[in-house]
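Please open the model in your viewer and keep the sequence panel beside it. The tour below proceeds by selection, with a short account of what is found at each stop.

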Amino acid sequence: MYEELPEVDEIINNHLVVIFSKPNCYYCDLAAVLLTEKNVPFIKFNIGDYLNDENFDNFYDNLIKKTGQKTFPMIFMKQKFIGGYSELKELCDSVDTSESD
């Protein structure tokens, strides 16, 4: 965990795969399990850890602007927003299918 709330872009640019999550989010946990099963290194950034940070509202607003969504998880791969759990699952399934051909 970061000592203080970093910028959204700092998190995205410093990691290959990022799951932005919130506390008690079933689909956030499923995304983490799926990536673990696929041996994909990632970080799970729980925004709930920073609710009391003075910059939280600005951080959350920037995340929404960058993704166009308010639901979690918000998943980035190689600095590109791919969507939530459903999109991640679809991507993983398509990779599995193409590898078996």
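## First stop: the β3-β4 hairpin

Select M77 and K80: K80, in β4, is the bridge partner of M77. The model is a predicted one, and the tour begins at this pair. Extend the selection to strand β3 (residues 74-77) and strand β4 (residues 80-83), which run antiparallel and are joined by three bridges. Another residue to pick out is I75, whose bridge partner in β4 is G83.

The two strands form a hairpin with two residues between them. Select K78 in the turn, where phi is positive, at about 50 degrees. Then select Q79, which is placed in the loop between β3 and β4. Phi of Q79 is also positive, near 70 degrees, in a residue other than glycine. Most residues other than glycine have a negative phi, and most peptide bonds are trans. Is Q79 buried, partly exposed or exposed? With a relative accessibility of 40%, Q79 counts as partly exposed.

## Second stop: strand β3 and M74

Return to β3 and display its side chains. In a regular strand the side chains alternate between the two faces of the sheet. Both faces of β3 are covered: M74 and F76 lie on one side, I75 and M77 on the other, and all are buried.

Now select M74, a residue of strand β3. M74 counts as buried because its relative accessibility is 0%. Which residues does M74 contact, its neighbours within four places in sequence left aside? The contacts are with V18, I19, F20, L63, T67, Q69, F81 and G83. For a distance check, select the C-alpha atoms of M74 and A31: they are 9.9 Å apart, while the two residues are 43 residues apart along the chain.

Step back to F72 and P73, which are joined by a cis peptide bond with omega of about 5 degrees. P73 is placed in the loop between α3 (56-67) and β3.

## Third stop: the whole sheet

Select V18 next; its bridge partner in β3 is F76. This pair leads from β3 to β1, and the two strands pair in the antiparallel sense over four bridges. Strands of a sheet pair through backbone hydrogen bonds, either parallel or antiparallel.

Display all the strands of the sheet. In what order do the four strands stand? The order is β2-β1-β3-β4, in an open sheet with mixed pairing. β2 (43-46) and β4 stand at the edges, and each has a single partner strand, so one side of each is left without a neighbour in the sheet. On average, neighbouring strands of this sheet are turned by 25 degrees against each other, direction ignored.

Add the helices to the view. α2 lies across β1, β2 and β3, and runs at about 160 degrees to β1. α3 packs on the sheet and touches β1, β2, β3 and β4; the direction of α3 makes about 65 degrees with that of β3.

## Fourth stop: N24 and the cysteines

Move to the loop between β1 (17-21) and α2 (26-37), and select N24, which lies there. N24 is another residue other than glycine with a positive phi, near 55 degrees. At a relative accessibility of 81%, N24 counts as exposed.

The next selection is C25 together with C28. These cysteines form a disulfide, with their sulfur atoms 2.3 Å apart. A disulfide is a covalent bond between the sulfur atoms of two cysteines. The count for the model comes to one disulfide. Why is this disulfide right-handed? The torsion about the S-S bond of C25 and C28 is about 75 degrees, so the disulfide is right-handed.

Colour the two cysteines by accessibility. C25 is buried, with a relative accessible area of 7%, and C28 also counts as buried, at 1% relative accessibility. Finish with C92, which is in no disulfide: the nearest cysteine sulfur, that of C28, is 15 Å away. A disulfide requires sulfur atoms within 2.5 Å. C92 is buried as well, because its relative accessible area is 9%, and the cut-off for buried is under 20%.

Definitions and conventions:
Residues numbered from 1 in each chain as written. Predicted model: local features only at pLDDT ≥ 70, side-chain atom pairs only at ≥ 80, totals over all residues. Heavy atoms only, no water. Pairing = 2+ DSSP bridges. Buried < 20%, exposed > 50% of the residue type's maximum accessible area, 1.4 Å probe, protein only. Contact = heavy atoms within 4.5 Å. Axes fitted to C-alpha atoms, helices over the stretch in contact; angles between N-to-C directions.
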